[in-house]
Amino acid sequence: IHVALFTACLAAFTNTLIPPIMASGRVINLARFLGKAAEPAAAHSQALHYSTVGGAAAYKLPDLPYDYPALEPVISGEIMELHHKKHHATYVTNLNKALEEYADAESKKDLQKMISLQSAINFNGGGHINHDIFWTNLCPEKDAAPPAGELLSAIEAKWGSLDKFIATFSAKTAAVQGSGWGWLGYSKESKGLEIATCANQDPLAAKGLVPLLGVDVWEHAYYLQYKNVRPDYLKAVWKVVNWD
């Protein structure tokens, strides 16, 4: 059994100044994270979403693996189009701008400028990483199926049942103050699954966890359809979660 695991990491700063490097994998066998060595599948994904056309290095907005209306009625096509073409695209644009300015500042040894750009790189880089994972964590309802095999066994061992996991995940994610994300992550240290939340666009890797499943609870992900009732969105979204 395979589960869509996505590695999203920020490289450690060298003297706290080197900008983060984004990378995300596509499909990795869960067994690699249940006691075996993990082999991140970052290179392939970077090739898909990173371009050097025209001599300029830049991250690119990934295509969705389905059409915008494909997740209806759970998530409307209008929400998906705005979310992808406007919000995710803005993170990519601003990330590339910040990285270009950072490279220029670095070439000039402008330390103050380099430091000032870190928050923009973290926010927009995190936004790109998180959404790149989120899109492939979803699928049309007709294609959705419950988790099985090692993933289901790991969930049941930790929370007792899939339903209890979903209830715990949804409750913790609904409680996120303001904007943020709910995550199912894998801890290489404990060799187990964990539920975590992150504020704004902070990536889960910053907490030392490998992201397996992320749910966006920024209002732009659901407000046009669910208004301010975040728990209703979190109850419905499981119908389109891609566990394969």
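A residue is called buried here when its relative accessible area is under 20%. The model described in this report is predicted.

## Overall architecture

The chain contains eight helices and seven strands. Of its 244 residues, 48% are buried. The accessible surface amounts to about 11800 Å², and carbon and sulfur atoms contribute 54% of that area. Among contacts with a separation of 6 or more, 65% are between residues 24 or more positions apart.

## Helix α4

Helix α4 covers residues 118–136. Because 15 of its 19 residues are buried, α4 is largely enclosed by the rest of the structure. The geometry of the helix can be checked against its length: at 1.5 Å a residue, the 19 residues should span 27 Å, and the C-alpha atoms at the two ends are indeed 27 Å apart, which agrees.

## Strand β5 and its two partners

Strand β5, residues 180–187, is mostly covered, with eight of its eight residues buried. Its residues point in two directions: G180, G182, L184 and Y186 point one way, while W181, W183, G185 and S187 point the other way. Residues of both groups are buried.

On either pairing, the neighbour of β5 runs antiparallel. Strand β6, residues 192–199, is joined to β5 by eight bridges in an antiparallel arrangement. Within this pair, G185 stands opposite E194 of β6. The hairpin formed by β5 and β6 has four residues between the strands, and K191 adopts a positive phi near 55° there. Strand β7, residues 210–216, also runs antiparallel to β5 and is joined to it by six bridges. In this second pair, Y186 stands opposite V210 of β7.

## The surroundings of V217

V217 lies in the loop between β7 and α7, the latter comprising residues 223–226. How buried or exposed is V217? With a relative accessible area of 0%, V217 is buried. Leaving aside residues up to four places away in sequence, V217 touches T173, V176, G178, G180, W181, Y222, R230, Y233 and L234. Two of these contacts, G180 and W181, belong to the buried residues of β5. V217 and G178 are separated by 39 residues in sequence, yet their C-alpha atoms are 8.7 Å apart in space.

## Salt bridges

Side chains of opposite charge can pair when their charged atoms come close. With a cut-off of 4 Å between a side-chain nitrogen of Lys or Arg and a carboxyl oxygen of Asp or Glu, the count comes to five salt bridges. The table lists some of them.

| Pair | Closest N to O distance |
|---|---|
| E101 and K97 | 2.6 Å |
| K113 and E101 | 3.9 Å |
| K142 and D143 | 3.3 Å |

K97, E101 and K113 are linked in a network of salt bridges. Within this network, E101 and K97 both belong to helix α2, residues 77–107, where they lie four residues apart, about one turn of the helix. An α-helix has 3.6 residues a turn, so residues three or four places apart point the same way. E101 is partly exposed at 25% relative accessibility, and K97 is partly exposed at 48%.

The salt bridge of K113 with E101 has its closest N and O atoms 3.9 Å apart. This pair links distant parts of the chain, with K113 in helix α3, residues 111–116, and E101 in helix α2, twelve residues apart. K113 counts as partly exposed, its relative accessibility being 33%.

K142 and D143 meet in a salt bridge of 3.3 Å, N to O. K142 is exposed at 71% relative accessibility, whereas D143 is partly exposed with a relative accessible area of 39%.

## Cysteines

A disulfide is a covalent bond between the sulfur atoms of two cysteines. How many disulfides does the structure hold? The model contains zero disulfides. Of the cysteines, C139 is buried at 7% relative accessibility, and C198 is buried with a relative accessible area of 4%.

Key. Residues numbered from 1 in each chain as written. Predicted model: local features only at pLDDT ≥ 70, side-chain atom pairs only at ≥ 80, totals over all residues. Heavy atoms only, no water. Expected span 1.5 Å × (residues − 1). Buried < 20%, exposed > 50% of the residue type's maximum accessible area, 1.4 Å probe, protein only. Pairing = 2+ DSSP bridges. Disulfide = S-S within 2.5 Å. Contact = heavy atoms within 4.5 Å. Areas by Shrake-Rupley, 256 points an atom, 1.4 Å probe, with all protein chains shown as cover.
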